[in-house]
Amino acid sequence: YINDCNKSSFCNFILMRKHCITTTILFCIFLSASGQSANSYFFVEAAAGASIPVGKFADKTYSSDFLKSDPSGLAKTGFGISVTGGYQINKKLSVLLLFGSSENMQDKKAYENYLKQKYGNNITTFVTTNNWKVKKIMTGALITLPLLKQGKLFLQPKLLAGFCKIKIPDYRYVGFD
């Protein structure tokens, strides 16, 4: 019998297991393989995939408190793309320049749930939302760490910093009884 999931060691175990599985999946998604040797010091990489919201950005609890310092993002999983150009300084170090964009829809259900909680379940709601949009320009370094002596398997962590422009989406809702 679990009385309170926030205080239960069983729920903490399940949450920790969920985070470990998610981290493992993300690690596998970001692995890459190279099928050819580089003849040039310059390289370009294009990437596309899921833009997964985390933390308050993914929180689905809407509040109409506009003075709240850290409001929920209500973001759903979206799509992201990026193009990275680089210059290989030596076999282990490269400098990078990344241009990227991502877009995440808002969760309309969170607004509907808020209205029904505030005004009752008999209310009819119509919700219109726009998407979160993020554009970024980042620069940094890529380090190549060989995992085997033959140099055919290696790890390439990237450290990037830069500028992001975020378009905070608007929303409209109408509710009537």
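Is Tyr-171 buried, partly exposed or exposed? With a relative accessible area of 25%, Tyr-171 is partly exposed. The model described here is predicted, and this report goes through its aromatic pairs, its sheet, its salt bridges and one of its helices.

**Aromatic pairs**

A pair of aromatic rings is described by the distance of the centres and the angle of the planes. The structure holds 6 aromatic pairs. One of them joins Tyr-111 and Tyr-171: the ring centres are 4.4 Å apart and the planes stand at 25 degrees, so this pair is stacked. The cut-off behind that word is that planes under 30 degrees apart count as stacked. Tyr-111 belongs to helix H2 (residues 108-119) and Tyr-171 to strand E9 (residues 171-176), so the pair ties together parts that are 60 residues apart in sequence. Tyr-111 has a relative accessibility of 2% and counts as buried, while Tyr-171, at 25%, is partly exposed. Elsewhere, Tyr-41, Phe-42 and Tyr-87 form one aromatic cluster.

**The sheet**

Five strands make up an open sheet; their order is E1-E2-E3-E5-E8 and their pairing is antiparallel. Strand E1 (42-51) and strand E8 (158-167) stand at the edges. Each of these two has a single partner strand, so one side of each is left without a neighbour in the sheet. From one strand to the next, the twist averages 15 degrees. The partner of E1 is strand E2 (residues 78-88), and the two pair in the antiparallel sense over 10 bridges. As one example from this pairing, Ala-50 has Phe-79 in E2 as its bridge partner.

**Salt bridges**

Side chains of opposite charge can pair when their charged atoms come close. The structure holds 4 salt bridges, and the table gives the N to O distances for some of them.

| Residues | Distance, N to O |
|---|---|
| Lys-158 and Glu-45 | 2.7 Å |
| Lys-56 and Asp-59 | 3.6 Å |
| Lys-109 and Glu-112 | 3.7 Å |

Which parts of the chain does the salt bridge of Lys-158 and Glu-45 tie together? Lys-158 lies in strand E8 and Glu-45 in strand E1, so the pair links parts that are 113 residues apart in sequence. Lys-158 is partly exposed at 38% relative accessibility, and Glu-45 is partly exposed at 33%.

In the salt bridge of Lys-56 and Asp-59, Lys-56 is partly exposed with a relative accessible area of 33%. Asp-59 is partly exposed as well, with a value of 23%.

Lys-109 and Glu-112 both lie in helix H2, 3 residues apart, which is about one turn of the helix. An α-helix has 3.6 residues a turn, so residues three or four places apart point the same way. Lys-109 is exposed, with a relative accessible area of 51%, whereas Glu-112 is among the buried residues of H2.

**Helix H2**

Does the length of H2 agree or disagree with what its number of residues predicts? At 1.5 Å a residue, the 12 residues of H2 should span 16 Å, and the end C-alpha atoms are 17 Å apart, which agrees. The buried residues of this helix are Ala-110, Tyr-111, Glu-112, Tyr-114 and Leu-115. What covers these buried residues includes strand E4 (124-129) and strand E9. Strand E9 also holds Tyr-171, the ring partner of Tyr-111.

Note on methods: Residues are numbered from 1 along each chain as its sequence is written. This is a predicted model: local features need pLDDT of at least 70, side-chain atom pairs count only at pLDDT 80 or more; totals for chains, interfaces and linings use all residues. Side-chain values use heavy atoms; hydrogens and water are left out. Rings of Phe, Tyr and Trp (its six-membered ring) pair if their centres lie within 6.5 Å; planes under 30 degrees apart count as stacked, over 60 as edge-to-face and the rest as tilted. Helices (H or I, at least four residues) and strands (E, at least two) are DSSP runs, numbered from the N terminus. Buried means under 20% relative accessible area, exposed over 50%, partly exposed in between (1.4 Å probe, protein chains only). Two strands pair if DSSP finds at least two bridges between them. Axes are lines fitted to C-alpha atoms, for helices over the stretch in contact, and angles run from 0 to 180 degrees between N-to-C directions. A salt bridge is a side-chain nitrogen of Lys or Arg within 4 Å of a carboxyl oxygen of Asp or Glu. The expected span of a helix is 1.5 Å times one less than its number of residues. Contact means heavy atoms within 4.5 Å.
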